[in-house]
Amino acid sequence: TGKVGTTGTGLKGATLPGTRITGTGEYKGYMVLMFYVKPEKDLIGKIVQRGDKVAVQQDMSVDYGDHITDHVHLALKVNNKKVNPSKEYIPYENIA
C-alpha cells in the first residue's frame with residue numbers, strides 16, 4: 001500500500017510533473033517516483049493498493065517535441081536513498 005502524491009517538477013527542469021507513491025504499512029520507508037505520468041487527481045493524498053490505476057501517461061511532446069516517444073522513468077528510494085530496484089529486497093508476499 002502507499003499514499004499518492006506528486007513529484008513537483010519533472011526531470012531536469014521539464015514542466016511535466018510526475019507521481020510519487022510513499023509506502024505505508026509493511027512498505028513504510030519505500031518511495032516510488034514515476035516521471036512523465038500525471039497522478040489521478042482524486043487519488044492525491046489517498047492510500048492505494050496493488051493494481052489500482054494511479055496515473056495517466058502525459059504527452060512528452062509538450063517539453064521535447066515530436067522526436068521523442070512517450071515513456072515513463074521510474075525511481076525507487078528506500079529510507080530516502082535511491083536504490084537499484086533489481087537488487088533491493090521488496091516484500092513480495094501475496095503478489096500474484
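## Overall layout

Among contacts in the protein between residues at least 6 apart in sequence, what percentage join residues at least 24 apart? The figure is 47%. Bear in mind as you look around that this is a predicted model.

The protein contains one helix and eight strands. Read from the N terminus, the elements follow the order β-β-β-β-β-β-α-β-β. Of the 96 residues in the protein, 31% are buried. The accessible surface amounts to about 6,500 Å², and carbon and sulfur atoms account for 54% of that area.

## The sheet

Let us turn to the strands. Six of them make an open sheet, arranged β5-β1-β2-β3-β7-β8, with antiparallel pairing. At the edges lie β5 (47–48) and β8 (81–83), each of which pairs on one side only. As a general reminder, strands of a sheet pair through backbone hydrogen bonds, in either a parallel or an antiparallel way.

Strand β1 (residues 2–6) is joined to β2 by five bridges, and the two run antiparallel. Here Gly2 is placed opposite Gly23 of β2. On to the next pair: β2 (residues 18–23) and β3 (residues 30–35) also share five bridges in the antiparallel sense. Two of the residue pairs are easy to find: Gly18 has Phe35 of β3 as its bridge partner, while Ile21 is matched with Val32 in β3.

## Turns and positive phi values

The hairpin of β2 and β3 has six residues between the strands, and within this hairpin Gly25 adopts a positive phi near 60 degrees.

Two residues other than glycine also deserve a look. Tyr36 has a positive phi near 75 degrees and sits in the loop between β3 and β4 (37–39). Asn79, with a positive phi of about 50 degrees, belongs to the loop between β7 and β8. Are these two loop residues buried or exposed? Tyr36 is buried because its relative accessibility is 4%, under the 20% limit. Asn79 is exposed because its relative accessible area is 59%, over the 50% limit.

## The nonpolar core

Which residues form the largest nonpolar core? There are eight of them: Val4, Ile21, Met34, Val37, Leu43, Val48, Val54 and Ala55. Ile21 is the residue already met as the bridge partner of Val32.

Leu43 is a good place to start exploring this core. Setting aside residues up to four places away in sequence, Leu43 touches Val4, Val48, Lys53 and Val54.

## A lysine in β7

Lys77 lies in strand β7 (residues 73–78). With a relative accessible area of 18%, Lys77 falls under the 20% limit and therefore counts as buried. What is Lys77 in contact with, leaving aside its neighbours within four places in sequence? The list is Gly29, Tyr30, Met31, Leu33 and Lys82.

## A nonpolar patch on the surface

Val32, Val72 and Leu74 make up a nonpolar patch on the surface, and together they have about 250 Å² of accessible area. Val32 is the β3 residue that bridges to Ile21, and Ile21 in turn is a member of the largest nonpolar core.

Val72 is located in the loop between α1 (61–64) and β7. Its relative accessibility is 38%, which lies between the 20% and 50% limits, so Val72 is classed as partly exposed.

Technical notes:
Residues numbered from 1 in each chain as written. Predicted model: local features only at pLDDT ≥ 70, side-chain atom pairs only at ≥ 80, totals over all residues. Heavy atoms only, no water. Helix = DSSP H or I, 4+ residues; strand = E, 2+ residues; numbered from the N terminus. Buried < 20%, exposed > 50% of the residue type's maximum accessible area, 1.4 Å probe, protein only. Contact = heavy atoms within 4.5 Å. Pairing = 2+ DSSP bridges. Core = buried A, V, L, I, M, F, W, Y, C linked by side-chain atoms within 4.5 Å. Patch = residues over 30% accessible without salt bridge, like charges linked within 9 Å, V, L, I, M, F, W, Y side chains within 5 Å. Areas by Shrake-Rupley, 256 points an atom, 1.4 Å probe, with all protein chains shown as cover. Salt bridge = Lys/Arg side-chain N within 4 Å of Asp/Glu carboxyl O.
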